[in-house]
Amino acid sequence: EADRAVFANTYEASMNYGAEGAGGITITKQMNGRPLAANEFEFTITGNDDKSAEKLADADKRFTNSTQAAAGRTVSMRKFRSMTFDQNDAGEIFSFTVAETKPAENALPGVAYDQSTYTVTIEVFDDGDGSMHTLTTVVKHTPDADDVTIVDQARSDIEGYTAPSFG
């Protein structure tokens with residue numbers, strides 16, 4: 001090999017899914033009939049497989065509504081802020097379940113807890129020029145009702161894209 005020139009090139013692509021305008025998700029909570037107190041409800045996000053679970057930041061695994069709101073008003077909780085993808089994730093689909101947690105003890109009197117769960121699916125694409133984009137789909141699962149697609153393949157590289165919001 002000493003008698004020839006060798007050139008080595010590398011390729012890298014990456015995306016901060018949680019960056020403003022690039023992605024992330026916004027989970028919403030609304031309390032009807034009385035004001036919503038801060039830290040009153042707990043939520044979980046779990047990865048539906050090992051590769052998805054590895055993408056979760058500790059702050060996204062279990063959290064509460066950190067702000068209060070008047071009756072009927074909505075609070076928003078932005079998640080997946082630190083989630084990143086690189087060229088090794090291209091072609092992969094990451095899947096998560098979002099749920100409100102009903103406490104086993106000390107449930108709030110008179111409060112009917114939301115039994116819905118949401119499946120968030122993120123498909124990752126490498127654009128071949130160092131940039132990446134995702135398609136995010138959110139499906140709501142409610143006991144005794146048909147599943148409803150809340151967000152259908154929101155493409156992160158479209159101008160005017162906003163993070164999927166649900167709850």
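Good morning. A search of the whole structure finds seven salt bridges. The structure is a predicted model, and I shall present three of these pairs before turning to a sheet and to one lysine within it.

The first pair is E92 and K51, whose closest N and O atoms are 2.7 Å apart. E92 belongs to the loop between β6 (84-86) and β7 (93-101), whereas K51 belongs to helix α1 (residues 50-55), so this salt bridge ties together parts that are 41 residues apart in sequence. Both ends are partly exposed: E92 has a relative accessible area of 30%, and K51 has one of 32%.

The second pair is D58 with K61, where the closest N and O atoms are 3.3 Å apart. Here both partners lie in helix α2 (residues 58-61), three residues apart, which is about one turn of the helix. D58 counts as exposed, at 62% relative accessibility. K61, at 37%, counts as partly exposed.

The third pair also involves helix α2. D60 forms a salt bridge with K79, and the closest N and O atoms are 3.9 Å apart. Since D60 lies in helix α2 and K79 in strand β5, the pair ties together parts that are 19 residues apart in sequence. Is D60 buried or exposed? D60 counts as buried, because its relative accessibility of 6% falls under the 20% cut-off. K79 is likewise buried, with a relative accessible area of 11%.

Strand β5 leads us to the sheet. In what order do the three strands of this open sheet stand? The order is β5-β2-β11, and the pairing is mixed. β5 (74-79) and β11 (165-166) stand at the edges with a single partner strand each, so one side of each has no neighbour in the sheet. Strand β2 (residues 25-30) runs parallel to β11, and two bridges join them. In one of these, T26 has S165 in β11 as its bridge partner.

Finally, I draw your attention to K29, which is found in strand β2. With a relative accessibility of 10%, K29 counts as buried. Which side chain makes a polar contact with the side chain of K29? That partner is E100, at 2.8 Å. Leaving aside residues up to four places away in sequence, K29 touches L36, F41, F43, R73, T74, V75, M77 and E100.

To close, I return to the buried charged residues in this talk: D60 at 6%, K29 at 10% and K79 at 11% relative accessibility. Thank you for your attention.

Key:
Residues numbered from 1 in each chain as written. Predicted model: local features only at pLDDT ≥ 70, side-chain atom pairs only at ≥ 80, totals over all residues. Heavy atoms only, no water. Pairing = 2+ DSSP bridges. Helix = DSSP H or I, 4+ residues; strand = E, 2+ residues; numbered from the N terminus. Buried < 20%, exposed > 50% of the residue type's maximum accessible area, 1.4 Å probe, protein only. Polar contact = N/O pair within 3.5 Å; in protein donor to acceptor, adjacent residues only side chain to side chain. Contact = heavy atoms within 4.5 Å. Salt bridge = Lys/Arg side-chain N within 4 Å of Asp/Glu carboxyl O.
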